[in-house]
Amino acid sequence: MNPLANQDGVRKIVVPAAIDLVNLFGPNDEFLRIMEGSFSADIHLRGNEVTLTGTTAEIARAADVLGELITIIRTGQGLDVETVERVITMSAADEQPAKILTQDILSSRGKTIRPKTLNQKRYVDAIDRNTVVFGIGPAGTGKTYLAVAKAVQALQDKQVNRIILTRPAIEAGERLGFLPGTLSDKIDPYLRPLYDALHDMVDPESVP
């Protein structure tokens, strides 16, 4: 981005010609309205020139978010409401959102899997650096899903020749109680999160 002026209370930014404005600001300026609602600054768009008006701190925050969004688009990744909101939140915490949200792990079955938070990126980087990684955190934070994605990535890149699923038969939260059936029937409920993640990433028929 090239600021044309940087005065107290006003900053003008020129969006590079290669950046599609609809992609950057959303259909009917949807993303622009999200940004306006997140900062105590007015954001006006005229052509490819953005004018930010407000306090110096709020203008700087809005400019940082705009720069991060442009960087994400330059990688070929599109924006959506969730991504814009994540960029705003992560920028406020100085977490370099463009660096995190553009780290592709796996593209499969029509979608791309990538970290969505700084801690998820640290987790993925730790898996790359170490043979064994312990992920500790509450349910729903991506521990199992990202681990399976990294395993599938390693398999596709021929770093390994098979994936072995293993999990301790200890309940976390709701107790399953006595499970009837064969040994496989008893173990399957514990492995279900792993299978669900695998089926998201590879053809279910290729999973034994």
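Visitor: Which residues touch the most other members of the largest nonpolar core?

Guide: Keep in mind that we're looking at a predicted model. In general, nonpolar side chains tend to be buried together in soluble globular proteins. Here the largest nonpolar core has 31 residues, and the ones that touch the most other members are L24, F25, M35, L52, L66 and L69.

Visitor: Which element gives the most to this core?

Guide: Several chip in: α1 (21-25), α2 (30-38), β3 (41-46), β4 (49-54), α3 (56-74), α4 (81-92) and α5 (97-101) each supply at least two residues. With nine residues, the top contributor to this core is α3.

Visitor: Leaving aside neighbours within four places in sequence, what is L52 in contact with?

Guide: L52 is one of the core residues that touch the most other members. Setting aside its neighbours within four places in sequence, its contacts are G9, V10, R11, I13, D42, I43, I59, A62 and A63.

Visitor: How many residues are in the other core that lies apart from it?

Guide: This other core includes L198, M201, V202 and V207. Its full count is 17 residues.

Visitor: Is I105 buried or exposed?

Guide: I105 sits in the loop between α5 and β5 (106-108). Its relative accessible area is 7%, and buried means under 20%. So I105 counts as buried.

Visitor: How far apart in space are I105 and P115, C-alpha to C-alpha?

Guide: Leaving out neighbours within four places in sequence, I105 is in contact with I113, R114, P115, V124, L146, A149, K150 and Q153. I105 and P115 are 10 residues apart in sequence. From C-alpha to C-alpha, their separation in space is 7.9 Å.

Visitor: Which residues are closest to the centre of the second largest pocket?

Guide: That pocket has a volume of about 380 Å³, and 19 residues line it. The lining residues closest to its centre are E82, T112, R114, P115 and K116.

Visitor: Why does the second largest pocket lie between two domains, and which ones are they?

Guide: Elements giving two or more residues to its lining are α4, β6 (111-113) and α7 (143-156). The pocket lies between the two domains because both give residues to its lining. They are domain 1 (1-102) and domain 2 (105-207).

Visitor: How many charged residues are in that pocket's lining?

Guide: By class, five lining residues of the second largest pocket are nonpolar and eight are polar. The charged ones number six.

Visitor: What share of the protein's residues is buried?

Guide: The protein has eight helices and six strands, and 208 residues. The buried share of those residues is 35%.

Note on methods: Residues numbered from 1 in each chain as written. Predicted model: local features only at pLDDT ≥ 70, side-chain atom pairs only at ≥ 80, totals over all residues. Heavy atoms only, no water. Core = buried A, V, L, I, M, F, W, Y, C linked by side-chain atoms within 4.5 Å. Buried < 20%, exposed > 50% of the residue type's maximum accessible area, 1.4 Å probe, protein only. Helix = DSSP H or I, 4+ residues; strand = E, 2+ residues; numbered from the N terminus. Contact = heavy atoms within 4.5 Å. 1 Å grid on protein atoms, 1.4 Å probe; cavity = no way out; pocket = protein on both sides within 12 Å on 5 of 7 lines; lining within 4 Å. Points joined across faces, edges and corners; volume = space filled by probe spheres on them. Nonpolar A, V, L, I, M, F, W, Y, C, P; charged D, E, K, R; others polar. Domains from an automatic or database assignment.
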